[in-house]
Amino acid sequence: MLSQKLQAEVLKIAHEHYQLTPQDVELEATRDLVHGDYTTNAALRVASKWGVPPRQAAGVLLEQLRLSKLVNTLCGKVEVAGPGFINFWLKPELLVTRLGELTNTKDRAVLRGQRVLVDYSSPNIAKPMHIGHIRSTIIGQALVNLYQALGAKVTGINHLGDWGTQFGKLIAAYKLWGNRAAVHKHPIQEMLRLYVKFHEVLKTKPELAKEGQLEFRKLEQGDRQSRSLWNWFKRESLREFGALYKRLGVKFTYITGESFYEPMLRGAVADLVKRKLAVKNADGSIVVHLEAEGLPPCLIQKSDGGSLYVTRDLATMRYRLQRFKPHKILYVVANQQALHFEQLFAVVRRAGYSSRAELDHIKFGLVLGEDGLKLATREGRIIKLEDVLAEAVIRARKIVDSKNSKLSSRDKARVAEAVGVGAVKYNDLSQNRQSDIAFNWDKMLSLEGNSAPYLQYTYVRLKSILRKAGEPTQARSSKSAAGELLYSITERDLTLLRMLSRYPDAIGRAAKENGPHLLAGYLYELANSTNSYYQDSPVLTAGVILRPFRLHVVSTAAAVLKEGLGILGIATVEKM
RNA sequence: GCCCCCAUAGCUCAAUGGAUAGAGCAUUAGCCUCCGGAGCUAGAGAUAGAGGUUCGAUUCCUCUUGGGGGCACCA
């Protein structure tokens, strides 16, 4: 027991140097409690170089906290756990009660009424989606699901690259060497072939460049034949992308392209010029100076009057802000475009287009080749997304065949698809770092350890137990039964309950940080705890009190895994 | 030249300024008479370097080294 003198000293320090009152400390502790955490380090803040060791400070705070009403009602056990750390153990009955609330979607709808726009995937029409696109697509979709799970109104936007001189080239190439049937059969492959051929021939016949420019000019002016050809290319591309998106479980609210914003470009530039935010150079180009923001000047119009990437994004942003009135816009785009978005956001802020919307560039590193070098479409160094998925599913199928011969071949195919695609996605979603990823087949398609199949397998095992139980999983709720239950649950039961109760917090943090990997990490930990749990905590053979309770725990763990994986966009199966 | 990002175990990755820096792969030793071994248990193994701020730094600041990206008429 600490002396009165020391206790007074600690509280004095807490107040004078950290402006903490005992009530503040309690607040901090209970906030953590409410979110499912059970530790606080407030004592460490209180302890200081005035000669109060953290452990003693913790002791003093503990005395204060024991007296507080909230801690009294919430905690079964409060203890000094380490030098300066106090553990708060929620009362077991609260943990049990909370079980039923974990999958209640209403309770966690903290973002209700918020409108969130997510701009993701956004591939170029007429080019294959390669391994690099996977990050934007998969991370973007996970963020969409995440915000939706928290009750926000989310608009997922696929901002297609469907405009520019490249389409002039494509049309020119098609007229020279293309045919309808080939494009229809393998749209992207054929368009890429035409595009590549155009560039090859260009080397020996430079006059071809004019042909491409001419075709784009015609397209811009609305030439009927050009437009219909362009529309057709778009349709065929989208048909192929659509299959890929479906396979990846990716769904957009809006699919618009840069072309959609073409008519708004002039207005976007004119507005900035009129308000003297942009200046016209002698050569006719128009620029916004951003020295005040410490950024290089931002060119918004070429000297020939043409538009640029940022011009289109600017017009797009204006349109989106006006139409959707969002609270938040997320751009899930590679690292390389960091400067572009800094400039774009700076211009938007300066022009006052966005008073309330929070603009965020969700950046991520490149996917490099196995040799650590950049993958480039031009040099044929390209790994196509569909090839990766195909390979993943083949590898998964081999495992399925060797593991479980009882499944029908149709079920095996379903499992292989879920496992293979899931593995590829999880590989991406479980890491957050902006550092580049070295592409590696074995790593990406890993089917054991910290991987999607591990989580899926855990779910299958849990479901298997529930199937064998063959009865409703609701714990009986009579008062005497509840009392007996609390008497018989083990430390292992409580550990798993605590892990489960952290689920809402994991979702919340993942959304706050825009980091799906935080959710992935939680789910992995949960799966880990679950697997250890039933290793030596029998469920089906447990006693009459414990059995229904453990079935309830198992069913909740299964539900959380399924829902969490669903948010990440990873499918679960019932048997594998 | 200037700006941004990154550096953690042999490899691939984690870690709200807090406890003994966690995992997976690879490696060593165990676990199928027991709800499914894609699993479980245990062992060995890491913060690039130097300063600084802090009671406390993988985390924040400065410099160095090493990798990647960007810097007005590409996207």
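Strand β1 (residues 39–40) and β3 pair over 2 bridges, running in the antiparallel sense. That's a good way into this model, which is a predicted one. The two bridges are easy to pick out: Thr40 has Ile86 as its bridge partner in β3, and Thr39 has Asn87.

On to the other pairing in this sheet. Strand β2 (residues 75–82) is also antiparallel to β3, with 6 bridges between them. Asn87 turns up again here, since the bridge partner of Glu79 in β3 is Asn87. The hairpin of β2 and β3 has 2 residues between the strands, and Gly84 takes a positive phi there, near 95°.

Here are the two pairings side by side:

| Strand pair | Sense | Bridges | A bridge pair |
|---|---|---|---|
| β1 and β3 | antiparallel | 2 bridges | Thr40 and Ile86 |
| β2 and β3 | antiparallel | 6 bridges | Glu79 and Asn87 |

Put together, the 3 strands make an open, antiparallel sheet in the order β1-β3-β2. β1 and β2 are the edge strands, and each has a single partner, so one side of each has no neighbour in the sheet. Helix α4 (residues 54–67) packs on this sheet and touches β2 and β3, with its direction at about 170° to that of β2.

What do the side chains of β3 (residues 85–90) do along the strand? They alternate: Ile86, Phe88 and Leu90 point to one face and are buried, whereas Phe85, Asn87 and Trp89 point to the other face and are not. That fits the general rule that side chains in a regular strand alternate between the two faces of the sheet.

Now for a pair of helices. Helix α10 (residues 187–204) packs against helix α12 (residues 224–248) at an angle of about 130°, and the axes are 8 Å apart. That angle makes α10 oblique to α12. On the α10 side the contact is made by Pro187, Ile188 and Met191, which meet Phe233, Glu236, Ser237, Arg239 and Glu240 of α12. Sorted by class, the residues of this contact are 4 nonpolar, 1 polar and 3 charged.

Elsewhere, Phe260 sits in the loop between β6 (254–257) and α13 (265–274). Is Phe260 buried or partly exposed? Partly exposed, because 18 other C-beta atoms lie within 10 Å, and being buried takes 20 or more. From Phe260 to Gly82 is 178 residues in sequence and 60 Å in space, C-alpha to C-alpha.

Gly82 also belongs to the surroundings of the RNA. Strand B of RNA is surrounded by 73 residues, and the closest are Gly82, Leu299, Lys302, Gly449 and Tyr534. Which helix gives the most to the surface near RNA strand B? Helix α19 (residues 452–469) does, with 8 residues. The class count for that surface comes to 31 nonpolar, 29 polar and 13 charged residues.

Helix α21 (residues 491–501) has a run of buried positions to look at: Asp493, Leu496, Leu497, Met499, Leu500 and Ser501. Their cover includes α6 (92–99), α22 (503–512), α23 (516–536) and α24 (546–568).

Finally, the whole chain. Chain A has 24 helices and 13 strands, and 38% of its 576 residues count as buried. Among contacts in chain A with a separation of 6 or more, 75% come from residues 24 or more positions apart.

Key. Residues are numbered from 1 along each chain as its sequence is written. Chains are lettered from A and ligands numbered from 1 in the order in which they are written. This is a predicted model: local features need pLDDT of at least 70, side-chain atom pairs count only at pLDDT 80 or more; totals for chains, interfaces and linings use all residues. A residue is buried if 20 or more other C-beta atoms lie within 10 Å of its own, exposed if 12 or fewer, and partly exposed in between; C-beta atoms are placed from the backbone. Helices (H or I, at least four residues) and strands (E, at least two) are DSSP runs, numbered from the N terminus. Two strands pair if DSSP finds at least two bridges between them. Two residues are in contact if their C-beta atoms, placed from the backbone, lie within 7 Å. Axes are lines fitted to C-alpha atoms, for helices over the stretch in contact, and angles run from 0 to 180 degrees between N-to-C directions. Angles under 35 degrees count as roughly parallel, over 145 as roughly antiparallel, 65 to 115 as roughly perpendicular and the rest as oblique. Ala, Val, Leu, Ile, Met, Phe, Trp, Tyr, Cys and Pro count as nonpolar, Asp, Glu, Lys and Arg as charged, and the others, Gly among them, as polar. A residue is near a molecule or strand if its C-beta atom, placed from the backbone, lies within 6 Å of it.
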